[in-house]
Amino acid sequence: MLFGSFGALATLLFAAPASPFAQPRIVLGGHLIGCVTAVTVDYFTNPAWITCFLPQWIASPLVVATVITIMTLTGFIHPPGAAA
């Protein structure tokens with residue numbers, strides 16, 4: 001799952017290092033937001049956890065929408081990080 005986002009990240013870093021999306025602050029912040037949000041949503045949608053109260057089919061769209069919203073609000077907009 002993470003290989004696609006790392007491929008896009010490598011393209012950004014090596015082909016367009018001056019791009020605003022390839023700056024270290026944006027790269028680290030974007031991936032951190034994406035990973036933390038995905039783990040949090042999994043905690044609330046995975047039936048293996050006792051805290052599961054949302055249906056599992058809603059996990060993917062909820063993660064994408066939440067990650068894009070948080071990235072926009074914080075200024076850490078990094079497209080490959082949203083794919084993570």
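Select helix α2 to begin: Ile 26, Val 27, Gly 29, Gly 30, His 31, Ile 33, Gly 34, Thr 37, Val 41 and Thr 45 are its buried residues. The model on the screen is predicted. Helix α2 runs over residues 24-45, 22 residues in total. From its first C-alpha to its last, the helix reaches 32 Å, close to the 32 Å expected at 1.5 Å a residue.

**The whole chain**

Now zoom out to the full protein. Its secondary structure comprises four helices and zero strands, and the order along the sequence is α-α-α-α. The C-alpha trace spans about 45 × 25 × 15 Å along its principal axes. Of the 84 residues in the protein, 27% are buried. Turn on contacts between residues at least 6 apart in sequence: 53% of these join residues at least 24 apart.

**The pairing of α2 and α3**

Next, display α2 together with α3, which covers residues 59-74. The axes of the two helices, α2 and α3, come within 9 Å and cross at roughly 145 degrees. This crossing of α2 and α3 is right-handed. To see the contact from the side of α2, select Gly 30, Ile 33, Gly 34, Thr 37, Ala 38, Val 41 and Thr 45. On the side of α3, the residues to select are Ala 59, Leu 62, Val 63, Thr 66, Val 67, Ile 70, Met 71 and Thr 74.

**The largest nonpolar core**

Which residues form the largest nonpolar core? Select Ile 33, Val 41, Ala 59, Val 63, Val 67 and Met 71, the six residues that make it up. Helices α2 and α3 are the elements that give two or more residues to this core. The largest share, four residues, comes from α3. As background, nonpolar side chains tend to be buried together in soluble globular proteins.

**Thr 37**

Return to helix α2 and centre on Thr 37. Is Thr 37 buried or exposed? Its relative accessibility is 8%, so Thr 37 counts as buried, the limit being under 20%. Leaving aside neighbours within four places in sequence, Thr 37 is in contact with Val 63, Thr 66, Val 67 and Ile 70. Draw a distance from Thr 37 to one of these, Thr 66: the two C-alpha atoms are separated by 7.3 Å, although the residues are 29 apart along the chain. Then follow the side chain of Thr 37 to the backbone oxygen of Ile 33, which it reaches at 2.7 Å.

**Thr 45**

Move along α2 to Thr 45, which lies in the same-named helix α2. Thr 45 has a relative accessible area of 1% and is therefore buried. A polar atom of the Thr 45 side chain lies 2.9 Å from the backbone oxygen of Val 41. What does Thr 45 contact, leaving aside its neighbours within four places in sequence? Select Cys 52, Leu 54, Pro 55, Gln 56, Ile 58 and Ala 59 to display these partners.

**Leu 62**

Cross to helix α3 and select Leu 62. With a relative accessible area of 29%, Leu 62 is partly exposed. Not counting residues up to four places away in sequence, Leu 62 touches Val 41 and Leu 54. Between Leu 62 and Val 41 the C-alpha to C-alpha distance is 7.6 Å, and the two residues are 21 apart in sequence. Keep Val 41 displayed here, as Val 41 is also one of the six residues of the largest nonpolar core.

**Ala 8**

The last stop is helix α1, residues 2-15, where Ala 8 is found. Ala 8 is partly exposed, at a relative accessible area of 33%. Which distance separates the C-alpha atoms of Ala 8 and Pro 79? Select both residues: their C-alpha atoms are 8.5 Å apart, while 71 residues separate Ala 8 and Pro 79 along the chain.

Notes
Residues numbered from 1 in each chain as written. Predicted model: local features only at pLDDT ≥ 70, side-chain atom pairs only at ≥ 80, totals over all residues. Heavy atoms only, no water. Expected span 1.5 Å × (residues − 1). Buried < 20%, exposed > 50% of the residue type's maximum accessible area, 1.4 Å probe, protein only. Polar contact = N/O pair within 3.5 Å; in protein donor to acceptor, adjacent residues only side chain to side chain. Contact = heavy atoms within 4.5 Å. Core = buried A, V, L, I, M, F, W, Y, C linked by side-chain atoms within 4.5 Å. Axes fitted to C-alpha atoms, helices over the stretch in contact; angles between N-to-C directions. Left-handed = near helix turned anticlockwise from the far one by under 90°.
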